[in-house]
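Trainee: Please take me through this structure and show how each label is earned.
Mentor: We can set each value against its definition.

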Amino acid sequence: MTRDAPPRIHPTSVVGAEVELASGVEVGPLCLLDGKIRVGARTRLIGHVTILGITELGADNVLHPGAVIGDEPQDLTYTGVARSVKIGDRNIFREFSTVHRGSERGDVTIMGDDNFMMQNAHVAHDCRIGNSTIIAGGALLAGWVELGDRALVSGNCVVHQYTRIGRLAMMRGLSRTSRDVPPFCIMDGTHILRGINVVGLKRAGISSKSIHALRHAFTTLFGARQNLKLAIERLEKSGDLAPEVIEMVDFIRASKRGVAFGPNDPQADSESSED
């Protein structure tokens, strides 16, 4: 199909009167598109995909069977008021992944570009998802969660509402958090920080100098249970900070829920901070 070809709709699919399909869109069998929906160029709905409400998808997205975008929030106070979903370009939604519209007290659920939602992953109402994130199979993000660029939420993780996950942070599989996870950190268990996401940083092109600075900052801030405000002050007095360290400190200071913390006994943790 050429890039400027008209959209193709399988005869078994239902496409509402208010739906706008850009050039090159493919709507496979047994899809339902019902609402004020805009689908960007070359986006593919493989089959059995449902898109509802006020929903905008950019270009070159791929939606696998069972994906549901724009359904009502799982919010008992929701009365059907107009709320929306806005999704960027080149995102992949695997089987039965779900993204819900904004809630009664909210407005819009936003997802950027180049994100990968694996099977049965869920993004709830009013979330803010950055760019190039991975939300692995069975991971659940509650309402109002913020997920920074290139963050990784591993399989079957759960994230409490209003929690923030920083840029290039990683939640290990089966972990859960109701506290903010600072950028560049690895978290497991119940909001326990284990180290710096060295592999992710290297893949993102972060310099060795900055990685070393982040490791030093992590040890200063989370190597022992302590007053985090005083630990930040000591870190800032230790000399000029790398931009990534400043980003981590600013994230911590902006936290309203409190941030995850280091293990009670760091020496007892045999896990590598580089995986």
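The turns below go through sheets, burial, cysteines, aromatic pairs and a pocket.

Trainee: What should I know about the model and its numbering?
Mentor: This is a predicted model, in which local features need pLDDT of at least 70 and side-chain atom pairs count only at pLDDT 80 or more, while totals for chains, interfaces and linings use all residues. Residues are numbered from 1 along each chain as its sequence is written, and side-chain values use heavy atoms, with hydrogens and water left out.

Trainee: What makes E3 and E24 edge strands in their sheet?
Mentor: Start with the terms: strands (E, at least two residues) and helices (H or I, at least four residues) are DSSP runs, numbered from the N terminus. Two strands pair if DSSP finds at least two bridges between them. The open sheet of 8 strands is ordered E3-E6-E9-E12-E15-E18-E21-E24, with parallel pairing. Strand E3 (20-21) and strand E24 (164-165) each have a single partner strand, so one side of each has no neighbour in the sheet.

Trainee: How do you know that E21 pairs with E24?
Mentor: There are 2 bridges between strand E21 (residues 146-147) and E24, and the two run parallel. The definition asks for at least two bridges, so the pair qualifies. Within it, Leu147 has Ile165 of E24 as its bridge partner.

Trainee: Which strands does E9 join by bridges?
Mentor: Strand E6 (residues 37-39) is joined to E9 by 3 bridges, and E9 is joined to strand E12 (residues 84-87) by 4 bridges. Both pairings are parallel. Val39 has Leu57 in E9 as its bridge partner, and Thr55 has Val85 in E12.

Trainee: What makes the side chains along E9 alternate?
Mentor: In strand E9 (residues 54-57), Thr55 and Leu57 point to one face and are buried, whereas Ile54 and Glu56 point to the other and are not. Buried means under 20% relative accessible area, exposed means over 50%, and partly exposed lies in between (1.4 Å probe, protein chains only).

Trainee: What is the order of the open sheet of 9 strands?
Mentor: The order is E2-E5-E8-E11-E14-E17-E20-E23-E26, with parallel pairing. Strand E2 (14-15) and strand E26 (176-177) are its edge strands, each pairing on one side only. Inside the order, 2 bridges join strand E8 (residues 50-52) to strand E11 (residues 68-71), and Thr50 has Val68 of E11 as its bridge partner.

Trainee: How do you know that Cys185 is in no disulfide?
Mentor: A disulfide is a pair of cysteine sulfur atoms within 2.5 Å. The structure holds 0 disulfides. For Cys185, the nearest cysteine sulfur, that of Cys157, is 15 Å away. Cys185 has a relative accessible area of 0%, so it is called buried. Cys31, at 2%, also counts as buried.

Trainee: Why is the pair of Trp144 and Tyr162 called stacked?
Mentor: Rings of Phe, Tyr and Trp (its six-membered ring) pair if their centres lie within 6.5 Å; planes under 30 degrees apart count as stacked, over 60 as edge-to-face and the rest as tilted. Trp144 and Tyr162 are 5.6 Å centre to centre with 5° between the planes, which fits stacked. Trp144 lies in the loop between strand E20 (140-141) and E21, and Tyr162 in the loop between strand E23 (158-159) and E24, so the pair ties together parts 18 residues apart in sequence. Tyr162 counts as partly exposed because its relative accessibility is 36%.

Trainee: Why is the pair of Phe218 and Phe222 called tilted?
Mentor: Their centres are 5.3 Å apart, with 45° between the planes. That angle is neither under 30 degrees nor over 60, so tilted is the label left. Phe218 and Phe222 are 4 residues apart in helix H2 (residues 208-222), about one helical turn. Phe218 is buried at 9%, and Phe222 is buried at 4%.

Trainee: What kinds of residues form the lining of the largest pocket?
Mentor: The lining divides into 6 nonpolar, 3 polar and 3 charged residues. Nonpolar covers Ala, Val, Leu, Ile, Met, Phe, Trp, Tyr, Cys and Pro; charged covers Asp, Glu, Lys and Arg; the others, Gly among them, are polar. Helix H1 (residues 198-203) gives the most to this lining, with 3 residues.
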